[in-house]
Amino acid sequence: MIPAQDHKRIGNDDTGSNTGGMGAYCPCPLISQHVLNVVERDILLKAVNGFHKEGIKYNGVLYAGIMLTSDGPKTLEFNCRFGDPETQVILPLMESDLFDLMEATCLNKLNSVELNFKESAYAVGVVMASKGYPESSTKGCVIEGLSQYMNTNSNSLVFHSGISINPNGKFITNGGRVLINVAIASSLKQAAAIATDGCKKLLFDGAQYRTDVAMKGIQSDPVIVQGVDGVGTKIKLAEKLNRWDTIGIDLVAMCANDVICAGGETAEMPYIYDKGKYDIAGYCVGIVEYEDMLPKKSEIIEGDMLIGLPSNGLHSNGYSLINKLIDEHHIDLNDIAVFSKESLSYADEFLKPTRLYVKELLKLIRKNGVKAIAHITGGGLLENIIRVIDDKYTVEIDAFKFEIPPIFAWISSIGNIPNLDLLKTFNCGIGMVLVVGQDDSAWKMLEKHGAKHIGFVKKRTVKEDQITVKNFDIALNLISKEFQNCKLKTTNIVTYLNSGVNIDAGNKAVEEIKKIAKLTKIDGLLGEIGGFGGCFRLKNVMGDMSDPVIVLSTDGCGSKIKFALDMEKHDTIGVDLVAMCVNDLICTGAQPLTFLDYYACGKLDVNTLTKVVKGICDGCTLSSSVLLGGETAEMPGVYKGNVYDLAGFALGIVNIDNVLPKIDRIQSGDIVVALPSSGLHSNGFSLVHKILEIYDLKYSNKCLFDNKVSTIGETFLTPTKIYVRALLPLIKSGVVKAIAHITGGGLPDNISRILPKHLAVKLSMVDLKKSDIFSWILSKGNIAIEEMLRTFNCGIGMVLILSPEYEKSVIESLITYKAIKIGSVVARTSLDSQVLVNNTDLISNFYKKKKRVAVLISGNGSNLQALIDACRSPKYQINAEIVLVISNKPDAFGLERAKLNEISCVTIQHKDFVTRELFDEKISNELIKHKIDIVCLAGFMRILSSTFTQKWKGKLLNIHPSLLPKYPGLNAQQKALEANEKQTGCTVHFVDEGVDTGSIILQEIVPILPNDSIENLIERIHKAEHIAYPKALKLVVNGVL
């Protein structure tokens, strides 16, 4: 007979005491045909031959208990009877007559009987035991529901074990194991579900049974389902009202509702979005067994019913049209909406969150009561239902069978919208449509959630539309009557097209994308682009993974997109999108499998979209992943004209043993290996745009720092390098302990993410090949080296940490990627940065180490602020940074300026020192401590000693409010006025032992106006000082003087 497996322990997962058996299933797929052959040859035949050899005549049942071990099958026992509960799952699958078999056994005619079992059938039996079993049993408990269950479940058998009948004719418990509920189905999983579910309907006090019978034998075949979506121009309405509390619900609902039909990254982008504006994209992942996937198109037949679940209003589609109506009719969104049943405002009605259907639908799906589900989103009722129905059928919906909310009648009325456009744009009151069998009543569990039978599936004639919504005109007109005299009513016809959304262009784009996406197909892909969720079968890629882990990643391209837009070059930005996601995935050790994209734009240009998607497909090919699907959103009002933005979503898989980083294995002495980048990759572009603005550089300007390309624009659009194929073999070999993708945050932020807290890395850039693009940014942007390292990858795309013994082999394996060792892991000596970079000045031959400047103040510090701003601005090109501020007064406002700019500040009060020399010595020591190169006096109201001025000679600057040598000392402005000077100004000079007698560096002239007051003149000289001091400092630190 066919093999069966029983479950001896009382509890799930084989826990608790041993029993006579708590359930069984048959056939058991855990025993292969090869092992069965071994059992027959080495156990069963040997046993029978043993009878003959010993002269034992035996006619009957020989039941062998076998255990499968790593050393092969082992025999536990033989019984001269049918096993229990194995018998109850084997015999229902027999097609041969059991009496014939037993008679032949008695008459020694077994060779005349053909033993047949049902094909493609499985039986699962779940034992129900009484309270106290197996130590004791409880008798006399009435069993409810048994007779009804046996009479109404044709695919189940209930075997009585410990059952009796009381004087009232009721079934009662009469032993430990009371009964076994056996279900027969075409799959083991389905049979297990029916048998277990049936036990819930058989009730008696203290009943206990296992819910995991047959789970060992169910071979999981998981399919990952992924959905990506946004909320469209509903976000514009949220922005207009400054109400964001429900828009996140919409985002989740739009994605999760799509995924159920098959069973973030934050970026500040000032060159794409205006301040305060943004778009959002969502990504949802679900899992379903392959055999349970929806839609089951092949099972849908004529007569199947359509069940509609009501929407919560507009949900998140059609808002471009809504925004057009709001603008055209000047609707005050705070007014009570004329269509609102709850007397809500227009704002509240329009911003009602999209309904989530997951919780209620999952219960029905798990009962195998659904053949297909359609999420009614963009495309409305007319275009979404037919996505789950074979084109040989049509569906007919009756609008009298569901409620059309007044909001849709109001939209139709004031917008003069044709009914066909309404049905193709909005959900019209139905958020989800289910296809169920005509005799299936399980869907009625959703009636409490508003579910209604709204239509049927019918055979389709040749020229018949695939979907019709009958009585829609009548049903809508009945509701629209109250809006027919609405003052807002327009004579113009409003459509999605004249609202800025071209559905036909969108459909054309989908067809183009389908053709391109086919080029990325890999093993595991199910279906094609166009379903509600993209599906990928994990079985095809899991290989020998014992414990696979799913890894998800999302990213964008930042304001690099502006380069693509301005240059009208869209064929490589898609590579960047994929690279940013899959390079993150590989850092976890995961092999990229699937990719989904979100493309949002102001006006859909099919040609542009096609080029972008072609780039995405190129990226998928380079990373051995498949473009599974995506979302294209045309959003006039959120994006201007041809502007678009992208978001990417990648999914990968890795066995638990190979998950990175292996932080517990990283130790001092490990080495750091770098893989060079191909340029900026996709980070730091907002800063690059600023540099181009300041210098009025065009993308078409000749590129002087990259001889591989001709223009600046081309070099900055160099695609991000994809490292997947290089790193996967190393990951699988186990030699890599950690990987860091060097993106936003640069080397310091990204490497620290993979290090244990007690360790750091010490890096040297000396052997890194010079990258002229970063040299150019440094020199043009006048950027501090620390900021450079935190903003850009500085020539390094990936960093690996590994043991020293693997250095040579790893670098040799990555020779085509020009991998080099750049440092090692060391003990962390402080709570400062975990990434210590030496030789950073060698990043560029063009870069000179910035001079460290200290500013001495006594008051407001306006000149201090001018110096800070100028040193940090790429406009001035000052090779210096203000690193220290010293004040002799603790309440000087200039100290606050320093703190706000995160500059070290020290107060040294002169009154705390007996002599001026001791005071000056303290200041000098502080300057030395901070390694100061230049000292600027800015309103420092102390005369410095000759010892101090001599020590800092040529490094000490001051600014004076006159055109020296005229009017040194105090009250210079007053003296100029009293002398009837035509002009005065300010002078920046070196400081010597005299009072304002040092060599002059630079002067700025300020005219003295007729009737000038001392206050006005001082104010204008201050403004001149703010110009002169930065200019003079530049002359000194840049080596001109």
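The following paragraphs lead through a predicted model, moving from an open sheet to an enclosed strand, the nonpolar cores and a buried aspartate.

Strands of a sheet pair through backbone hydrogen bonds, in either a parallel or an antiparallel sense. In this model, an open sheet is formed by five strands in the order E1-E4-E7-E12-E9, with antiparallel pairing. Its edges are strand E1 (5-6) and strand E9 (156-160), each of which pairs on one side only. Within this sheet, four bridges connect strand E4, residues 23-26, with strand E7, residues 122-129, in the antiparallel sense, and alanine 24 faces glycine 125 of E7 across that pairing.

Strand E27, spanning residues 671-676, offers a second point of entry. Because six of its six residues are buried, E27 is largely enclosed by the rest of the structure. The side chains are divided between two directions: Ile671, Val673 and Leu675 point one way from the strand, while Val672, Ala674 and Pro676 point the other way, and all are buried. E27 is joined by six bridges to strand E30 (residues 796-802), the two running antiparallel, and it also pairs in the antiparallel sense with strand E31 (residues 820-827), over four bridges. Isoleucine 671 takes part in both pairings, since its position is opposite leucine 802 in E30 and its bridge partner in E31 is serine 824.

From E30 the path leads into the nonpolar interior. The largest nonpolar core has 182 residues, of which Phe350, Ile411 and Leu800 touch the most other members; helix H18 gives the most to this core, with nine residues. Leucine 800, leaving aside neighbours within four places in sequence, is in contact with several residues of E27, namely Ile671, Val672, Val673 and Leu675, and its other contacts are Leu727, Leu730, Val736, Ala738, Ile739, Val810 and Leu814. A second core, separate from this one, consists of 39 residues and includes Ile857, Ile934, Ile959 and Val1036.

Helix H18 (residues 573-586) also contains a polar residue to consider, aspartate 576. Aspartate 576 has a relative accessible area of 0% and is therefore buried. Its side chain makes a polar contact, at 2.6 Å, with the side chain of threonine 720. Not counting residues up to four places away in sequence, aspartate 576 touches Thr720 together with Thr718 and Pro719, and it also touches Cys557, Lys560, His681 and Ser682.

How values were computed:
Residues numbered from 1 in each chain as written. Predicted model: local features only at pLDDT ≥ 70, side-chain atom pairs only at ≥ 80, totals over all residues. Heavy atoms only, no water. Pairing = 2+ DSSP bridges. Buried < 20%, exposed > 50% of the residue type's maximum accessible area, 1.4 Å probe, protein only. Polar contact = N/O pair within 3.5 Å; in protein donor to acceptor, adjacent residues only side chain to side chain. Contact = heavy atoms within 4.5 Å. Core = buried A, V, L, I, M, F, W, Y, C linked by side-chain atoms within 4.5 Å.
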